[in-house]
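Dear colleague,

I am handing over the structure below, and I would be glad if you could look through it with the notes that follow it.

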Amino acid sequence: MEQEIIETYTFNPEDYHDGRRKSDSMTFRDVVKEFERDFHQRHSCEYALNLYANSATMHLLEKSCNAASFLSYGMDLTQGNAFDAEQDPYINHAIEGHSRHIFVYGIDSAYMETSDGHIAIDEEKGIYPLTLLIDNSMRNGIIRLAMPTSDDEGEEEHVVIDSPKFEYA
């Protein structure tokens, strides 16, 4: 069974205009990067892989990244209302076919920038893009950063492979 290491962060949405904090013009994306750094500092061996937030927060993130109007950030995790994304993980791709938006499911992690300014995945360290997940049960002004873990270490997984049997004539 999969678990997650989770840290919850708060911010005041009223402090932002067009994706920037009114007091110092810092982008909301840079604030999220600060949250990522805090997550790593609290869990020194782990990097956040998932960002959970509601639609309004994702829209704020879109603005802070200067996303084009046809881009929509996040994979919808609507559960119990219209569909269950865990039961049908491809539902978001089906929705895309009927939308006028292109969905963005991940953005670069705060740790993906290399010393020469390029963006790179580091599989050895576990640094991957931050997956954007919309959870509209969350209230505005809340972000959850998470790192999936597995709590079934030491348990053996038995996989049954049902292969067809061939007969030779």
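The notes below describe the core, a helix pair and some salt bridges.

Please keep in mind that this is a predicted model, in which local features need pLDDT of at least 70 and side-chain atom pairs count only at pLDDT 80 or more, while totals for chains, interfaces and linings use all residues. Residues are numbered from 1 along each chain as its sequence is written, and side-chain values use heavy atoms, with hydrogens and water left out.

The largest nonpolar core (buried Ala, Val, Leu, Ile, Met, Phe, Trp, Tyr and Cys residues joined through side-chain atoms within 4.5 Å; buried means under 20% relative accessible area, exposed over 50%, partly exposed in between, with a 1.4 Å probe and protein chains only) has 24 residues, of which F28, L51, M58, L61, I143 and L145 touch the most other members. Among the elements giving two or more residues to this core are α1 (28-42) and α2 (55-64), helices being DSSP runs of H or I with at least four residues and strands runs of E with at least two, numbered from the N terminus.

A salt bridge (a side-chain nitrogen of Lys or Arg within 4 Å of a carboxyl oxygen of Asp or Glu) occurs five times in the structure. One of them joins the side chains of E7 and R42, at 3.6 Å from N to O, and because E7 lies in strand β1 (residues 2-10) and R42 in helix α1, the pair ties together parts that are 35 residues apart in sequence. R42 also forms a salt bridge with D38, with the closest N and O atoms 2.6 Å apart, and these shared partners join E7, D38 and R42 into one network.

With best wishes
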